[in-house]
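Work through the exercises below with the sequence and the 3D view at hand. Try each task before reading its solution.

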Amino acid sequence: MDNVIFNIPLAELRQRGSQKWTHYPAEVLPAWVAEMDCRPPQRVTEVITRAMSLGDTGYSEGDWYAETLQTYAKRRWQWDFDAATQAVGLPSVMHGIVHTLDHFVRPGSGVVINPPVYAAFFSFLKLGQYEIIENDLTPEGRIDLATLADTFAGKSGSKPAAYLLCNPHNPHGTVHTREELAAVAAVADEHDVLVISDEIHGPLVDASATFVPYLDVAGTENGITITSASKAYNLPGMPAAVAVAGVNAAERLQTMSPAVTHAPSYFGILAQQAAWDHGDAWLTQLNLELEQNRQHLAARLAAELPTVSYTPNKSTYLAWVDCTATGVANPFQACLDQGLALTPGRAFSKRAPQFARVNLGTSLEILDLVIDKMVAALG
Ligand SMILES: Cc1ncc(COP(=O)(O)O)c(C=O)c1O
């Protein structure tokens, strides 16, 4: 298959000023932070270029951002909600999560997360002064429903007020099933725990799997979803997000401070609306190329580095690799010594020091360089 999305040469990528390409010295190959080595859908470039040429750099007006998500969600996932009564705009997913918690639960409350999980879940909850209550995924990377019930009941520490679900899950790429989500909702209601589902990776799912929006599951009327086009369409430099509340939480969501709900940037909204409205073909191709990259990584690791264990999942452009059997105490450092920057497992769980996360959102050529360095470091 020809790469249409991931076709930018390394020399051109090195001209980028974003975090992925500037955090480490130029000789280090970056495969860490979740930015992709591609251009966004063509319409995004056109809309932003047009706005710049008009000097159209003001504030956003109206509710069309959330309305665009409503149309997209219905077309893509047959998930129906009413943007006018159930949704508000937010500055970004992570800021939105903290603001939503601030609005719905008492300061300092316990919030459950499922390590290994996106590192900013830890840092933003700490910033918001919430107590982090850890309920690990199972070794297969699924929500551990048996222990989650005990955690919600307060049996493993404080009684939590909220649960921050990563749907699909970063870093495993687990796509939670409708049955799992229904079980989460039931146990959350039983223990009066607010579920906030971060669905920023929702569109990044292979055609052979089905992403299930949390609020599309029966029994989730008390929950809240927060999402954005920024991850799937590679627009983290143009942030904006939407919170959608289940019907029982909608009225309260609408009373969130305008200081928060008026905060999404006009450029974030412009870019993300163009992506949602006109990015379907681009996204289909992206998901094909990501599946190709997952299979390529799995095949080369099996052949050349069998002590590294990797099970390709069906979502995200992130690979969660277990380097325990290599005997290398600090795989992240060993790779860095070979000029490769991965994300250390410790960033996702203190119990995963011998794991690493590999960013697969790149060309096959660059992925091969990444794997070459992994083989040299860990073989
Ligand atoms: C699960 C998850 N949530 C949120 C974000 C970041 O979202 P934002 O930049 O809108 O805060 C990321 C980025 O990788 C992510 O993986």
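**Exercise 1.** Which helix gives the most to the lining of the largest cavity?

*Solution.* Two notes come first. This is a predicted model, where local features need pLDDT of at least 70, side-chain atom pairs count only at pLDDT 80 or more, and totals for chains, interfaces and linings use all residues. Residues are numbered from 1 along each chain as its sequence is written, and side-chain values use heavy atoms, with hydrogens and water left out.

Step 1: fix the terms. On a 1 Å grid over the protein atoms alone, a cavity is a set of points where a 1.4 Å probe fits but cannot get out; a pocket is an open set with protein on both sides within 12 Å along at least five of seven lines; lining residues have an atom within 4 Å of a point. Helices (H or I, at least four residues) and strands (E, at least two) are DSSP runs, numbered from the N terminus.

Step 2: list the lining. Among the residues around the largest cavity are Ala185, Ala188, Asp189, Val193, Leu194, Val195 and Tyr214.

Step 3: assign elements. Helix 9 (178–190) and strand 6 (194–198) each supply at least two lining residues. Helix 9 gives the most, with three residues.

Step 4: sort by type. The lining of the largest cavity holds six nonpolar, four polar and two charged residues. Here Ala, Val, Leu, Ile, Met, Phe, Trp, Tyr, Cys and Pro count as nonpolar, Asp, Glu, Lys and Arg as charged, and the others, Gly among them, as polar.

**Exercise 2.** Count the cavities, then describe the second largest.

*Solution.* Step 1: there are three cavities of 30 Å³ or more. A volume is the space filled by probe spheres set on the grid points, which are joined across faces, edges and corners.

Step 2: the largest cavity has about 50 Å³ of space. The second largest has about 40 Å³.

Step 3: the lining of the second largest cavity includes His172, Arg294, Tyr310, Trp320 and Leu360. Strand 9 (residues 318–322) supplies the largest share, three residues. By type, this lining divides into six nonpolar, four polar and one charged.

**Exercise 3.** Where does the ligand sit, and what surrounds the ligand?

*Solution.* Step 1: the ligand occupies the largest pocket. The test is that more than half of a molecule's atoms lie within 2 Å of the grid points. This pocket has a volume of about 720 Å³.

Step 2: look at the pocket wall. It has 31 lining residues, and Val33, Ala34, Tyr118, Ala120 and Lys231 lie nearest the centre of the pocket. Helix 6 (93–104), helix 7 (119–127) and strand 11 (343–344) are the elements that give two or more residues to this lining. The lining counts 19 nonpolar, eight polar and four charged residues.

Step 3: narrow to the ligand shell, meaning residues with a heavy atom within 4 Å. Ala34, Ser92, Val93, Met94, Tyr118, Cys166, Asn170, Asp198, Ile200, His201 and Lys231 surround the ligand. Six are nonpolar, three polar and two charged.

Step 4: find polar contacts, which are pairs of N or O atoms within 3.5 Å. A polar side-chain atom of Asp198 is 2.5 Å from a ligand nitrogen. A polar side-chain atom of His201 is 2.8 Å from a ligand oxygen. Met94 uses a backbone N or O atom, 2.9 Å from an oxygen of the ligand.

Step 5: check burial. The ligand alone exposes 400 Å², and the protein buries 90% of that. Such areas come from the Shrake-Rupley method with a 1.4 Å probe.

**Exercise 4.** Find the unusual backbone spots.

*Solution.* Step 1: the Pro115 to Pro116 peptide bond is cis, with omega near -5°. Pro116 is in the loop between strand 3 (110–113) and helix 7.

Step 2: Asn167 and Pro168 are also joined by a cis peptide bond, with omega about -5°. Pro168 belongs to the loop between strand 5 (162–166) and helix 9.

Step 3: Gln78 is not a glycine, yet has a positive phi of about 55°.

How values were computed: A polar contact is a pair of N or O atoms within 3.5 Å; within protein, one must be able to donate a hydrogen and the other to accept it, and residues adjacent in sequence count only if both atoms are side-chain atoms.
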